[in-house]
Amino acid sequence: MGKINKAYPVKFFFGLIFNETFDIKQVYSLLEQKFNNKIDIYSPAIDFTFTKYYNKEMGKNLKRQWIAFEKLVQPDMLADIKIETNNIEDSYAEDKNRIVNIDPGYITPANVILASTKDFSHRIYLGKGIYGEVTTIYRKEGFTKLPWTYPDYLCPTATEFILEARKKILKKS
């Protein structure tokens, strides 16, 4: 019988999608305050041209950015963090339309996990209406595409961000 151990701490991050007219810095401050953790990695904000899925709700000229927290924490916090980020999105909504999308996840040396409210064949129920998805895995100096990996998670900005976060995790291990 295997021995039950506590999970290794992980680096939480947030994938942000927002209209270029929105001041995203206010979300940074709110996330730091809500989760009592400081942001230590910011990717550049890039044009979100990977899909038009959000355009009807959020408008055109969307930006994409990733940010990560400094302190490593336990991965079982993911469901609660997803619920809180949904509440934050709702607090900024205008006429029931989001103006910012905040997708939490975490990075380990081996993979990137995203939270979702939607069930699918490759997602595992975490509790409280939240599912977890292995979005990409680390192999041979880089992250590998899976059949369901979102294309923006494979763009150079995302991969550089994830690799930087991975290096910080390995330094703390």
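This report describes one helix and the two largest pockets of a predicted model.

**Helix α1 and its surroundings**

Helix α1 spans residues 25-35, and its buried residues are V27, Y28, L30, L31 and F35. The cover over these buried residues includes strands β1 (11-19), β2 (39-42), β4 (62-69) and β5 (100-107), together with helix α3 (78-92). After α1 comes N36, a residue with a positive phi near 50°.

**The two pockets**

The table sets out the volume of each pocket and the classes of its lining residues.

| Pocket | Volume | Nonpolar lining residues | Polar lining residues | Charged lining residues |
|---|---|---|---|---|
| Largest pocket | about 600 Å³ | 10 residues | five residues | 10 residues |
| Second largest pocket | about 170 Å³ | two residues | four residues | five residues |

The lining of the largest pocket consists of 25 residues, and those nearest the pocket centre are Y53, Y54, D103, K118 and Y150. Two or more lining residues come from each of α3, β5 and β6 (111-116). Helix α3 makes the greatest contribution to this lining, with four residues. Both α3 and β5 are also among the elements that cover the buried residues of α1.

Around the second largest pocket, the lining is formed by E20, D47, F48, T49, T51, K52, N55, K60, N61, L62 and K63. By class, charged residues number five in this lining, alongside four polar and two nonpolar residues. In the largest pocket, by contrast, the lining holds 10 charged and 10 nonpolar residues, with five polar ones.

Technical notes
Residues are numbered from 1 along each chain as its sequence is written. This is a predicted model: local features need pLDDT of at least 70, side-chain atom pairs count only at pLDDT 80 or more; totals for chains, interfaces and linings use all residues. Side-chain values use heavy atoms; hydrogens and water are left out. Buried means under 20% relative accessible area, exposed over 50%, partly exposed in between (1.4 Å probe, protein chains only). Contact means heavy atoms within 4.5 Å. On a 1 Å grid over the protein atoms alone, a cavity is a set of points where a 1.4 Å probe fits but cannot get out, and a pocket is an open set with protein on both sides within 12 Å along at least five of seven lines; lining residues have an atom within 4 Å of a point. Grid points are joined across faces, edges and corners, and a volume is the space filled by probe spheres set on the points. Ala, Val, Leu, Ile, Met, Phe, Trp, Tyr, Cys and Pro count as nonpolar, Asp, Glu, Lys and Arg as charged, and the others, Gly among them, as polar.
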